[in-house]
Amino acid sequence: MKILVTGGAGFIGSHVVRRFVNTYPNYQIVNLDKLTYAGNLANLKDIEDKPNYSFVKGDIVDAAFIDNLFAEEQFDAVIHLAAESHVDRSITSPLDFVMTNVVGTVNLLNAARKHWAGKYAENRFYHVSTDEVYGTLGETGMFTEETAYDPHSPYSASKASSDHFVRAYQDTYGINTVISNCSNNYGSYHFPEKLIPLALNNIKNNKPVPVYGKGENIRDWLWVEDHARAIDVIFHNAKSGQTYNIGGHNEWKNIDLIRLLCKLMDQKLGREEGTSEKLITFVTDRAGHDLRYAIDSSKLQRELGWAPSLQFEEGLAKTVDWYLANEEWLDDVTSGNYQSYYEEQYDHR
Ligand code: NAD
Ligand code: TYD
């Protein structure tokens, strides 16, 4: 089986590529990535020389390029993760999100429609999506697969739109699709514009840790390797047309999570308890900031037997250890392009 993984140089994509390359030596894994600011081939150093892995640099927005790639490579399946993924960037540049997340997804679907003719039932198109399509929860309740879509940010609106296109191609042309909607991930190789790696990096460098609003917003955190395992399980076992929610039953208020991180960092860096907490800085809230996400993943547990493997405290401690042991990765990523973005994003607050 030859699988096209898009966005494999990003955070979650690199874990998916690594898992598939190592677990299935008889599959060919082709990683297609544009290498935007978020794509980093250093994320895949440990598997780049494996015989069942190859990398193609390219843009999913380029329809002719995607069409040629499908003609040349004759993929049997697609696992589609390439996306613009950061909510704050979507507020500044919504059209980038429409192009990659919506147009890019439709280009891939069109290529599947054309090149998989006669094989729609066998060949699988797996779209990796987010719980943010469901909008926001109040103090109670959880997102299920039946929750109506209600996106609030340009990012979540673009992901919701791409989910609709994937379902439309299933219903209209009979392409075998699956979608999963996952909650916030954390772990190694996470780009430090997102909350956890950004806070870790700033604590390490004694820089202010920006907390939006009052830090009351709640996210449901899942270890990235548990997400990659869920994708493996769903890819191999889900029935055509199914959707699965993926989450860790692990809700944290942002401010509590940041305080826990500060405590862990004080321990790991040998700082006096309470030192890192002094770096917490409350800044202007994000526009349209969703209050709470919580995922009901019981369908995935019941039907396909998946469950998260790590408790959060254990996963977070592992994650802190990884970032402290991989300073070179963090320094490489935080230099260059990222710095100017960082200044644009935070200097006006
Ligand atoms: P990421 O930003 O770390 O990685 C995205 C990757 O896509 C990068 O390698 C980038 O170079 C590539 N890419 C971007 N535009 C491209 C284009 N036009 N053509 C080809 N490649 C392009 O994102 P991530 O956090 O790893 O998220 C991966 C997927 O999972 C996304 O679809 C996202 O919506 C979804 N998701 C993320 C989370 C999360 O917590 N991070 C949770 C649920 C779902
Ligand atoms: P983020 O990692 O951007 O993920 P998402 O917005 O997709 O959930 O943000 C997680 C939460 O942390 C979200 O409620 C916004 C908040 N946040 C901060 O308080 N400070 C920060 O510097 C960032 C990046 C996020």
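Gln 74 lies in the loop that runs between helix 2 (63–73) and strand 4 (77–80). In this predicted model, Gln 74 has a positive phi of about 50° although it is not a glycine, and with a relative accessible area of 47% the residue is partly exposed. Tyr 189 likewise has a positive phi, of about 65°, without being a glycine; its place is the loop between strand 7 (185–186) and helix 6, where Tyr 189 counts as buried at 15% relative accessibility. A further positive phi, near 55°, belongs to Asn 206, which follows helix 6.

**The two ligand sites**

Ligand 1 is surrounded by 29 residues, of which Ile 12, Asp 33, Ser 85, Tyr 155 and Lys 159 are the closest. By class, the shell around ligand 1 divides into 12 nonpolar, 13 polar and 4 charged residues. Backbone atoms take part in several of the short polar distances to this ligand: a backbone N or O atom of Lys 34 lies 3.0 Å from a nitrogen atom of ligand 1, a polar backbone atom of Leu 81 is 3.0 Å from an oxygen atom of ligand 1, and a backbone N or O atom of Asn 185 lies 2.9 Å from an oxygen atom of ligand 1. Taken alone, ligand 1 exposes 840 Å², and the protein buries 97% of that area. The elements that give two or more residues to the shell around ligand 1 are helix 1 (11–23), strand 5 (124–130) and helix 5 (154–173).

Around ligand 2 there are 18 residues, with Glu 132, Pro 210, Arg 219, Arg 286 and His 289 the closest. The shell around ligand 2 is made up of 8 nonpolar, 5 polar and 5 charged residues. Two side chains and one backbone supply polar atoms at short distances: a polar side-chain atom of Glu 132 lies 2.6 Å from an oxygen atom of ligand 2, an N or O atom in the side chain of Asn 184 is 2.9 Å from an oxygen atom of ligand 2, and a polar backbone atom of Leu 195 is 2.9 Å from an oxygen atom of ligand 2. Ligand 2 exposes 510 Å² when taken alone, of which the protein buries 97%. Helix 6 (195–204) and strand 8 (209–212) are the elements that give two or more residues to the shell around ligand 2, and strand 8 gives the most, with 3 residues.

**Helices 4, 5 and 6**

Helix 6 is mostly covered, since 9 of its 10 residues are buried; among them are Ile 196, Leu 198, Asn 201 and Lys 204. In helix 5, Gln 170 is buried, with a relative accessible area of 17%, and its side chain makes a polar contact of 2.6 Å with the side chain of Thr 177. Helix 4 (residues 94–115) contains Met 99, which is partly exposed, with a relative accessible area of 34%. Met 99 forms a nonpolar patch on the surface together with Leu 95 and Val 98, and the accessible area of the three together is about 260 Å².

**Salt bridges**

Side chains of opposite charge can pair when their charged atoms come close. The structure holds 13 salt bridges, including those in the following table.

| Salt bridge | Closest N to O distance |
|---|---|
| Lys 2 and Glu 73 | 2.7 Å |
| Asp 226 and Arg 229 | 2.7 Å |
| Glu 251 and Arg 292 | 2.7 Å |

The salt bridge between Lys 2 and Glu 73 links distant parts of the chain, with Lys 2 in strand 1 (residues 2–6) and Glu 73 in helix 2, 71 residues apart. Lys 2 counts as partly exposed, at 22% relative accessibility.

Asp 226 and Arg 229 are 3 residues apart in helix 7 (residues 224–237) and are therefore separated by about one helical turn. Within this pair, Asp 226 counts as buried at 2% relative accessibility, whereas Arg 229 counts as partly exposed at 23%.

The side chains of Glu 251 and Arg 292 also meet in a salt bridge. Glu 251 lies in strand 12 (residues 251–253) and Arg 292 in the loop between strand 13 (280–283) and helix 9 (298–304), so the pair ties together parts that are 41 residues apart in sequence. Glu 251 counts as partly exposed at 35% relative accessibility, while Arg 292 counts as buried at 6%.

Definitions and conventions
Residues numbered from 1 in each chain as written. Chains lettered and ligands numbered in written order. Predicted model: local features only at pLDDT ≥ 70, side-chain atom pairs only at ≥ 80, totals over all residues. Heavy atoms only, no water. Near = heavy atom within 4 Å. Polar contact = N/O pair within 3.5 Å; in protein donor to acceptor, adjacent residues only side chain to side chain. Areas by Shrake-Rupley, 256 points an atom, 1.4 Å probe, with all protein chains shown as cover. Helix = DSSP H or I, 4+ residues; strand = E, 2+ residues; numbered from the N terminus. Nonpolar A, V, L, I, M, F, W, Y, C, P; charged D, E, K, R; others polar. Patch = residues over 30% accessible without salt bridge, like charges linked within 9 Å, V, L, I, M, F, W, Y side chains within 5 Å. Salt bridge = Lys/Arg side-chain N within 4 Å of Asp/Glu carboxyl O. Buried < 20%, exposed > 50% of the residue type's maximum accessible area, 1.4 Å probe, protein only.
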